[in-house]
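Please open the model in a viewer and keep the selection tool at hand. The tour begins with the whole chain and then turns to one element.

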Amino acid sequence: MKQHIFNQFLINVCKHSGLSKKDIFKSTKSRDVVFARQTLIYICVKRKMSMAMVKKYMEKNGSTLPRSSMDYAYKIMDELASSDPDYKEILKKLSIID
């Protein structure tokens, strides 16, 4: 239903992070990849996508993240957005749909 929004957010995060779509969804704990993936999850949920919907779209792209990791990602990014005005501005820019 909101696949096009997810895809646009994914493109935005990839451009901002310098990572490829493949990088975002591969199973790695590399900090830059994890941060980009957490950011994608956060902006999707803030856009009123359910966590189940985000998980489904991520699985379509090869991600096997458990729901608990996605919940944790949202919590961490929400705390960062609340405490860092620069990150809050970045999130605004990443949430723009062309």
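**From the whole chain to one helix**

Begin with the full chain of this predicted model: among contacts between residues at least 6 apart in sequence, 58% join residues at least 24 apart. Colour by secondary structure next; six helices and zero strands appear, in the order α-α-α-α-α-α along the sequence. The radius of gyration is 12 Å, close to the 13 Å that the globule rule gives for 98 residues, so the chain is as compact as a globular protein of that length. Along the principal axes, its C-alpha atoms fill a box of roughly 30 × 30 × 25 Å.

Now display the surface. The chain exposes about 5800 Å², of which carbon and sulfur atoms supply 55%, and 38% of the 98 residues count as buried. Select the charged side chains: 19 are positive and 10 negative, with the centres of the two sets 7 Å apart.

Next, select helix α3, residues 31–46. Why is a distance of 22 Å between its end C-alpha atoms the expected one? At 1.5 Å a residue, the 16 residues should span 22 Å, which agrees with the model.

Is α3 mostly covered or uncovered? It is mostly covered, with 12 of its 16 residues buried. Highlight the buried positions, among them Val-33, Val-34, Leu-40, Ile-41, Tyr-42 and Ile-43; Arg-37 and Gln-38 are also buried. To see their surroundings, add α1 (3–17), α2 (21–25), α4 (51–60), α5 (67–83) and α6 (85–94), against which the buried residues of α3 pack.

Finally, select Lys-48, which follows α3 and has a positive phi, near 75°.

How values were computed:
Residues are numbered from 1 along each chain as its sequence is written. This is a predicted model: local features need pLDDT of at least 70, side-chain atom pairs count only at pLDDT 80 or more; totals for chains, interfaces and linings use all residues. Side-chain values use heavy atoms; hydrogens and water are left out. Helices (H or I, at least four residues) and strands (E, at least two) are DSSP runs, numbered from the N terminus. The expected span of a helix is 1.5 Å times one less than its number of residues. Buried means under 20% relative accessible area, exposed over 50%, partly exposed in between (1.4 Å probe, protein chains only). Contact means heavy atoms within 4.5 Å. The radius of gyration is taken over C-alpha atoms; the globule rule is 2.2 Å times the number of residues to the power 0.38. Accessible areas come from the Shrake-Rupley method with a 1.4 Å probe; for residues, only the protein chains shown count as cover. Lys and Arg count as positive and Asp and Glu as negative; His and the chain ends are not counted. The place of a charge is taken as NZ of Lys, CZ of Arg, CG of Asp or CD of Glu.
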